[in-house]
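Notebook open, coffee poured. I want to look up how the helices meet, where the rings pair, and what sits in the cores.

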Amino acid sequence: MHWYKKDAFIKTVLSKVKFTLDREAIRDELDSHFEDRYHYELSKGTTSEEAMEKSLTAMGDPNEIGAELNKIHSPIIGWLSVITSVIKVVLIVFSVFAFGSMAIVSLFSSNGVHHIPKDNILYHLEINEEVTIDDRTIKYTDIIYDKDHNMHIFSRNYDSKLWGTGWSLGSIGIISDDLGNEYFSGGSSSSSGIITKSHRKLKDFSEKASQLIITYDQYNRYYQIIIPLGELNE
Amino acid sequence: MSINKNLLGGSAALLVLSLIKEKDMYGFEIILELENRSDQTFQLKEGTLYPILHKLEKKEFLETYQLKGERGRKRKYYRITEKGIKQLDEEIKQWTSFKSGVQKVIGEAHALV
């Protein structure tokens, strides 16, 4: 057998191809080509040595072929495409992981109601009022009135588009009661992922009020929620 | 009569795409087919076929897959893509107009003699 000549030929071709990652595929393809040509020649009745010589001659100049292949399998483009695929994979894995864990955290974490000691609570209303402004949905979940005359309003809001445009909720609106008092809320919100939880605390809320009114009227968006308040357990 | 590789130059893509459009082929099959059909006019050095094939693949005119051949060795088959079919139509148009242009000049030159 004279395979070493074939191997030398392929080696010369590959030595010209600078992008090493493509070498394996080129080697396989040329190898299989040699084998086909060799058996084709044998089938015409040539000796093994002649068949190999013919196969080599038919192939041409390995330096020339290698140089041509190198132009196409350019290392710059080759490595760029390897790097972009790696980056793509990393980004996909990262976003699946980040989005998934954020969704889980925000769905299961508490909305902060338990931060108020039970003994301080005069009444606790669980409500389910939902309003939507543009792509953002605000859901009011809990109203708690405490001994120190603080009214706590718990809500969560989320963007109904998966990756929202970043519309953020500056204010939930003007908070008043049925007696005509307006309240300024101090509040905190935690944005852990897709759902932002918000806790507004109104100081000195009138205990005589029987309705809590939230009015939002900004940027041509309007909504009003009227929440009947519980009886004070005094 | 055999034509050298440089003359074949630009039309190599046209020939290769036409053959592969008929059926999926591997490299050596393309060589044999070219030789048989053109009555040995195109005796492409076999090694130079691969840069052509790889370039067409890079341009997404061809795509590849692997199948095992008779002796169990994997062969890389080439298949034409939608983009490749469009490219082939374009090349055929160019070739036809080139051929008729050459024909006109040759015709007139001969008429003068």
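Entry 1, helix contact. I'm working from a predicted model. I started with the two H4 helices and listed who touches whom: from H4(A) I get Glu64(A), Ile65(A), Glu68(A), Leu69(A) and Ile72(A), and they meet Gly47(B), Thr48(B), Tyr50(B), Pro51(B), His54(B), Lys55(B) and Lys58(B) of H4(B). Sorted by class, this contact holds five nonpolar, three polar and four charged residues. Then I checked the geometry: the axes of H4 (residues 62-72) of chain A and H4 (residues 46-58) of chain B come within 9 Å and cross at roughly 5°. That angle is under 35 degrees, so I'm noting H4(A) and H4(B) as roughly parallel to each other.

Entry 2, rings. How many aromatic pairs are there over all chains? I count nine. I looked up Tyr123(A) with Tyr145(A): the ring centres are 5.6 Å apart and the planes stand at 35°, so I logged the pair as tilted. Tyr123(A) belongs to strand S1 (residues 121-133) of chain A and Tyr145(A) to strand S2 (residues 136-146) of chain A, so this pair ties together parts 22 residues apart in sequence. Both Tyr123(A) and Tyr145(A) are buried.

Next up was Tyr65(B) with Tyr77(B), which is a stacked pair, 5.5 Å centre to centre with 15° between the planes. Tyr65(B) lies in strand S2 (residues 62-68) of chain B and Tyr77(B) in strand S3 (residues 74-80) of chain B, so the parts tied together here are twelve residues apart in sequence. Buried or partly exposed, I asked of Tyr65(B)? Tyr65(B) comes out partly exposed at 24% relative accessible area, whereas Tyr77(B), at 14% relative accessibility, counts as buried.

I also found a cluster: ring pairs link Tyr123(A), Tyr145(A), Tyr183(A) and Phe205(A).

Entry 3, cores. The largest nonpolar core has 37 residues, and I wrote down those with the most contacts inside it: Phe9(A), Ile20(B), Ile30(B), Leu53(B), Leu56(B) and Leu62(B). Elements giving two or more residues to this core include helix H1 (3-16) and helix H2 (23-43) of chain A, plus helix H3 (27-37) and S3 of chain B. Which element supplies the largest share of this core? That's H2(B), with seven residues.

I zoomed in on Leu62(B): leaving aside residues up to four places away in sequence, Leu62(B) touches, among others, Leu17(B), Ile20(B), Leu53(B), Leu56(B), Tyr78(B) and Ile80(B). Last note: there is a second, separate core of 23 residues, including Ile127(A), Met151(A), Leu202(A) and Leu229(A).

How values were computed: Residues are numbered from 1 along each chain as its sequence is written. Chains are lettered from A and ligands numbered from 1 in the order in which they are written. This is a predicted model: local features need pLDDT of at least 70, side-chain atom pairs count only at pLDDT 80 or more; totals for chains, interfaces and linings use all residues. Side-chain values use heavy atoms; hydrogens and water are left out. Axes are lines fitted to C-alpha atoms, for helices over the stretch in contact, and angles run from 0 to 180 degrees between N-to-C directions. Helices (H or I, at least four residues) and strands (E, at least two) are DSSP runs, numbered from the N terminus. Angles under 35 degrees count as roughly parallel, over 145 as roughly antiparallel, 65 to 115 as roughly perpendicular and the rest as oblique. Contact means heavy atoms within 4.5 Å. Ala, Val, Leu, Ile, Met, Phe, Trp, Tyr, Cys and Pro count as nonpolar, Asp, Glu, Lys and Arg as charged, and the others, Gly among them, as polar. Rings of Phe, Tyr and Trp (its six-membered ring) pair if their centres lie within 6.5 Å; planes under 30 degrees apart count as stacked, over 60 as edge-to-face and the rest as tilted. Buried means under 20% relative accessible area, exposed over 50%, partly exposed in between (1.4 Å probe, protein chains only). A nonpolar core is a set of buried Ala, Val, Leu, Ile, Met, Phe, Trp, Tyr and Cys residues joined through side-chain atoms within 4.5 Å.
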